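Me: Got a minute to look at a model with me? I'd like to go through the rings and a few side chains.

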Amino acid sequence: MNNIFEVMESSVQTYARSFPVTFNKAQGVWLYDQSGKRYLDFLAGAGTLNYGHNHPQLKEALVEYIQADGIAHGLDMHTTAKAGFLTALQQIILKPRGMDHVAQFTGPTGTNAVEAAMKLARKVTGRSNIVAFTNGFHGVSLGALAATGNQHHRGGAGTSMADVSRLPYDGYLGAGADSLLLFETMLNDNSSGLDKPAAVLFEVVQGEGGLNASSLKWLQRLEKICRAHDILMIADDIQAGCGRTGTFFSFEPAGIKPDIITLSKSLSGMGLPFAIVLLRPELDQWEPGEHNGTFRGNNHAFVTARKALELFWKDDTFAAEVRKKGELLNQRMQALVDRFPKLFVKVKGRGMMQGVACYDGDIASTITGKCFERGLVIETAGPDGEVVKCLCPLIITVAELNQGLDWLEEAAAETNGERLRKAS
């Protein structure tokens with residue numbers, strides 16, 4: 001069967017190169033290949049499976065809906081599945097956080113939501129420029145790609161990308177440097193050459209960019225600058241949201257109120273394609289059908305998303321468990337840095353979105369390869385693939401988390417030993 005992939009599938013594939021087996025089953029935090037070997041999943045669909053694979057209660061809700069001939073595809077028509085999701089979103093997530101945002105259903109991927117958010121900000125403000133940040137990743141469709149920093153992805157565009165100004169993210173200029181001083185100074189100078197932006201587009205933790213985590217003070221200052229200059233704030237919470245950092249929205253601890261929020265990945269709870277834009281009501285200035293898409297709103301995803309909100313977010317119990325496991329992850333990551341100073345530079349990230357920065361991408365790639373040999377699926381991130389990135393399902397047990405981290409430590413020890421032997 002493997003040959004069919006070589007014959008029929010485009011060379012654009014990536015994850016299959018790192019994990020060259022054929023998977024045929026998944027449950028919880030485990031993947032199984034055709035031979036029956038199981039793998040602990042520290043990739044989780046690049047953050048899409050916060051609640052694990054085939055969560056029993058989510059699966060049951062979906063199967064019941066399908067067997068009852070529930071609407072599968074309905075464009076943007078009203079359905080009971082959509083009403084159930086919107087009610088849960090409003091009552092469980094938005095109202096308790098003092099948010100009155102309305103929901104726009106876009107095409108089913110994160111980049112669709114980012115495109116819509118940027119487009120709306122430009123429509124509402126009448127300005128074309130968007131400020132994005134170094135190492136940001138927002139998708140690879142042309143509008144979102146213009147705001148993405150990675151040269152590898154940008155190189156695939158085949159055309160020029162305009163109307164985005166790039167500014168330094170928190171920490172980009174080094175520890176202690178005020179990366180927002182440039183932004184503020186340029187906004188206050190009519191000769192700076194910076195066109196007044198419609199919005200700033202930012203991630204609280206830059207997942208693909210290398211687990212760069214902004215400080216709460218940086219986020220608060222960014223909001224203050226935006227409010228002073230009538231600039232909209234777009235929070236890209238596609239990977240860091242849905243509980244990944246220990247709160248439903250990653251920006252909650254900073255106390256900021258983004259005008260527009262993009263969500264996707266783990267929103268459906270089951271890995272089903274689903275994306276939305278949350279926007280303040282006064283920004284909802286779309287004409288009917290002005291932004292649309294055939295698959296705007298996945299009714300199957302409405303069912304599982306609603307169930308996920310009801311199961312995990314009615315109180316703080318689940319989030320508290322995530323924060324506790326995040327503390328354990330941080331301790332284990334720091335222990336790796338302390339034990340292998342010739343491999344690792346520092347711990348990066350926040351909550352259950354953490355990893356270790358290696359001195360180069362070769363080290364990181366070697367380690368993740370050795371992890372896979374042991375039965376651990378884990379990827380790299382960062383400009384040069386230098387960060388080993390832990391992105392396991394949030395429902396993982398402490399025992400399973402430690403098992404994966406033990407394998408990571410074994411892989412690091414083997415890599416360290418090989419490098420020492422080569423050096424001697």
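Reply: Sure. Helices here are DSSP runs of H or I with at least four residues, numbered from the N terminus. Keep in mind that this is a predicted model.

Me: OK, so where does Asn3 lie?
Reply: Asn3 is in helix α1, which covers residues 2-8.

Me: And is Asn3 buried or exposed?
Reply: In between: Asn3 has a relative accessible area of 47%, so it counts as partly exposed.

Me: Switching to aromatics. How many aromatic pairs does a search of the whole structure find?
Reply: The search turns up 20 aromatic pairs. Take Phe248 and Trp313: their ring centres are 5.2 Å apart and the planes meet at 85 degrees, so that pair is edge-to-face.

Me: Why does the pair of Phe248 and Trp313 tie together parts that are apart in sequence?
Reply: Because Phe248 is in the loop between β10 (232-236) and β11 (260-263), while Trp313 is in the loop between α11 (299-312) and α12 (317-339); those parts are 65 residues apart in sequence. Both Phe248 and Trp313 are buried.

Me: What about Phe312 and Phe318?
Reply: Phe312 and Phe318 make a tilted pair, 4.7 Å centre to centre with 50 degrees between the planes. Phe312 and Phe318 are both buried.

Me: Which residues do ring pairs link into a cluster?
Reply: Tyr51, Phe248, Phe249, Phe251, Phe312, Trp313 and Phe318.

Me: Last one: which charged end sits over the ring of Trp30?
Reply: That of Arg38, 3.6 Å from the ring centre of Trp30. Lys25 also lies over a ring face, that of Tyr32, at 5.4 Å from the centre.

Notes
Residues are numbered from 1 along each chain as its sequence is written. This is a predicted model: local features need pLDDT of at least 70, side-chain atom pairs count only at pLDDT 80 or more; totals for chains, interfaces and linings use all residues. Side-chain values use heavy atoms; hydrogens and water are left out. Helices (H or I, at least four residues) and strands (E, at least two) are DSSP runs, numbered from the N terminus. Buried means under 20% relative accessible area, exposed over 50%, partly exposed in between (1.4 Å probe, protein chains only). Rings of Phe, Tyr and Trp (its six-membered ring) pair if their centres lie within 6.5 Å; planes under 30 degrees apart count as stacked, over 60 as edge-to-face and the rest as tilted. A charge sits over a ring if NZ of Lys or CZ of Arg is within 6 Å of the ring centre and within 35 degrees of the ring normal.
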